[in-house]
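Me: Please take a close look at how one pair of helices packs in this model, and set out the details in full.

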Amino acid sequence: METRLRAVLPDQQLIRLYEQMVLSREFEESCAEQYTKGQITGFLHLYSGQEAVAVGATAGLHKDDYILSAYREHAQAIVRGADPKRVMAELFGRSTGICKGKGGSMHLFDPSLNFMGGYAIVGGQFPIAVGLAFSAKYRGEDRLAACFFGDGAVNQGTFHEGLNWARLWELPVLFVCENNFYGIGTEVHRSSAIPDIHKRTCGYDIPSEKVDGMDVLAVYAAVKRAAEWVREHSRPYFIEAVTYRFRGHSMADPAKYRSAAEHEVWKARDPLPAFSRRLLEEGIVTRPQLDAILAKARARVAEAVTFAEESPWPEDGAVWEDIYV
């Protein structure tokens, strides 16, 4: 039996979760369109289908907590508070972008939001998350480092080194694996001797759990509870959020390695309509309110595209700036 939504959060916060998921989805689908138009170039990895993880997890963290991610991070940056206009401008390579047009899709970064980056190097975020957690503990700060990564990163040496040092030094790190079953086109059971990724932490004496990554409230509850445990014990914790990306690994990937039947099974569990149904059933929103949320999200995304299109390219001399920080 499902938990009543109002038993978890007040109405406005529940609606806010849905608004963030809708905005994230509309932003990503617009990115796909702009990619086909040639406005966005290079690699583009979209988050459609995984919104419940970013939205639920971020809601369970404090504003002072650090967040690090991999290269599928547009939604995580926006949910954290990044302006969609600046994120879109970054994807367009414009000077008004969140990284002045120099980072692009895979390297969003905003320390003012404690969003400490997306990383194109698989597993590149693990040592940095551990370092930030070490810094927080050394300074006596009440904050943790939330490190997001995909199932494809767990065979990297940095994964094992990161878990080992986080436990050995008793650091406040919350590891969040977004298991969408495919590392590019390789299924997790073909690349991991233990397909239940959260069980890998037994070798490092780190508590772990698996959560339904298609249920925004399940993710929120798990992350909130885990974050409180990390703060109390100043030790790492590990969450495996089981989710699914509706598109290929990147826009260059037709995802022919997945069956249509598998895709339909997971599409039926789409976190957006699933959550909107529950909001309607419990009388938290009306259908016109849901329509208005969608319209507002689409307007914000259209505004972001216009902003990016009208923004200037970086000046030639900017290539010599921000090399050392």
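Reply: The description below concerns the packing of two helices.

This is a predicted model, in which local features need pLDDT of at least 70, side-chain atom pairs count only at pLDDT 80 or more, and totals for chains, interfaces and linings use all residues. Residues are numbered from 1 along each chain as its sequence is written, and side-chain values use heavy atoms, with hydrogens and water left out.

The pair consists of helix H2, residues 51-59, and helix H8, residues 216-233. Helices (H or I, at least four residues) are DSSP runs, numbered from the N terminus. The axes of H2 and H8 lie 7 Å apart, at an angle of about 35 degrees; axes are lines fitted to C-alpha atoms, for helices over the stretch in contact, and angles run from 0 to 180 degrees between N-to-C directions. The crossing of H2 past H8 is right-handed, a term used if the near helix is turned clockwise from the far one by less than a right angle.

On the H2 side, Ala52, Val53, Val55, Gly56, Ala57 and Ala59 make the contact, while H8 contributes Val216, Val219, Tyr220 and Val223. Contact here means heavy atoms within 4.5 Å. By class, the contact residues of H2 and H8 comprise nine nonpolar, one polar and no charged. Ala, Val, Leu, Ile, Met, Phe, Trp, Tyr, Cys and Pro count as nonpolar, Asp, Glu, Lys and Arg as charged, and the others, Gly among them, as polar.

Elsewhere in the model, the count of disulfides (pairs of cysteine sulfur atoms within 2.5 Å) is zero. The sulfur of Cys31 is 15 Å from the closest cysteine sulfur, in Cys99, and is therefore too far for a bond.

Terms used. Helix = DSSP H or I, 4+ residues; strand = E, 2+ residues; numbered from the N terminus.
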